Number of protein chains: 2
Amino acid sequence: MPKSDNLYSTIPAALPEELFETLEQTGGFRLERIVSRGHKTPEGLWYDQPQAEWVALLQGEALLRFEQEPESRRLVPGDWLCIPPHCRHRVEWTSTWPEAVWLALHYPEPVRTEPLESE
Amino acid sequence: MPKSDNLYSTIPAALPEELFETLEQTGGFRLERIVSRGHKTPEGLWYDQPQAEWVALLQGEALLRFEQEPESRRLVPGDWLCIPPHCRHRVEWTSTWPEAVWLALHYPEPVRTEPLESE
């Protein structure tokens, strides 16, 4: 049976910390659901990741700040970004109701190589 | 600047055929947005893919049928599935308003190997 679930279900009633869950993972990537309920990156901290990240906001709203940009970007459902390795960024704000649900794909190479065989 | 877009925007007014767009791709995966507006798999055809696929329905509704199951699964927004290689399946129906927006991740290996370095 194919493994299945719903991205908007199974969100705990209490969420003292952000929720990070790996949905699928191989040697080539890690796919993660993140749930934020008003959580933000701690003051003064920037994410500086060795890997590339494709991230989409699927529910809620968020303010995402890149160090190289003067202002935060306001994200609404469906917004996605490709964040290159070592592109410093932080989450300045997330909504509480509905909470912010993110889908993040972490992968070692941002460059295109051999195309995968199509369906 | 990080590349960005919105999963629910840039949907053509006319959609005679399903829309397939690669959002990101490396040697390890291909991430694709699919938009279906009432489209379904042609009669008698089953998808039989050499690669694993993680697929989520993000908007709209759909009926997804697996050959090994007697009935279709009704998918609503947020529903996702891991489809193993060569697990034969077909899309029996998709909504027209709103249209069905899917996110599909195609990858060569369904097995877990080395975990990626965390953030």
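Trainee: Which residue stands opposite Ala56(A) in β9(A)?

Mentor: Quick heads-up: this is a predicted model, where local features need pLDDT of at least 70, side-chain atom pairs count only at pLDDT 80 or more, and totals for chains, interfaces and linings use all residues. Residues are numbered from 1 along each chain as its sequence is written, chains are lettered from A and ligands numbered from 1 in the order in which they are written, and side-chain values use heavy atoms, leaving out hydrogens and water. Names like β9 come from DSSP runs numbered from the N terminus (helices are H or I, at least four residues; strands are E, at least two). Opposite Ala56(A) in β9(A) you'll find Leu103(A).

Trainee: And how many bridges join β4(A) to β9(A)?

Mentor: Two strands pair if DSSP finds at least two bridges between them. β4(A) and β9(A) run antiparallel, and the bridges joining them number seven.

Trainee: Which strands stand at the edges of the open sheet of six strands?

Mentor: Follow the order, β2(A)-β3(A)-β9(A)-β4(A)-β7(A)-β1(B), with antiparallel pairing. Each edge strand has a single partner, so one side of it is left without a neighbour in the sheet; the two are β2 (19-25) of chain A and β1 (3-6) of chain B.

Trainee: What does the twist average from one strand to the next there?

Mentor: You need an axis for each strand, which is a line fitted to C-alpha atoms (for helices, over the stretch in contact), and angles run from 0 to 180 degrees between N-to-C directions. From one strand to the next in this sheet, the average twist is 20 degrees.

Trainee: Over in chain B, what is the bridge partner of Leu63(B) in β8(B)?

Mentor: There's an open sheet here with three antiparallel strands in the order β6-β5-β8. β5 (residues 62-66) is joined to β8(B) by five bridges. In β8(B), Leu63(B) is partnered by Trp93(B).

Trainee: How many residues lie between β2(B) and β3(B)?

Mentor: These two strands pair in the antiparallel sense over six bridges, with Glu21(B) opposite Arg33(B). They form a hairpin, and the residues between them number four.

Trainee: How many residues of β9(B) are buried?

Mentor: Buried means under 20% relative accessible area, with exposed over 50% and partly exposed in between (1.4 Å probe, protein chains only). In a regular strand the side chains alternate between the two faces of the sheet. Both faces of β9(B) are covered, with Trp102(B) among the buried residues on one side and Leu105(B) among those on the other. Out of eight residues in β9(B), the buried ones number eight.

Trainee: Which residue has its backbone oxygen 2.7 Å from a polar atom of the Thr94(B) side chain?

Mentor: Thr94(B) sits in strand β8 of chain B and is buried, at 2% relative accessible area. The backbone nitrogen of Gly38(B) lies 3.0 Å from a polar atom of its side chain. The backbone oxygen at 2.7 Å belongs to His39(B).

Trainee: Which residues touch the most other members of the largest nonpolar core?

Mentor: A nonpolar core is a set of buried Ala, Val, Leu, Ile, Met, Phe, Trp, Tyr and Cys residues joined through side-chain atoms within 4.5 Å. This one has 26 residues, and those touching the most other members are Leu7(A), Trp54(A), Leu105(A), Leu7(B), Trp54(B) and Leu105(B).

How values were computed
Polar contact = N/O pair within 3.5 Å; in protein donor to acceptor, adjacent residues only side chain to side chain.
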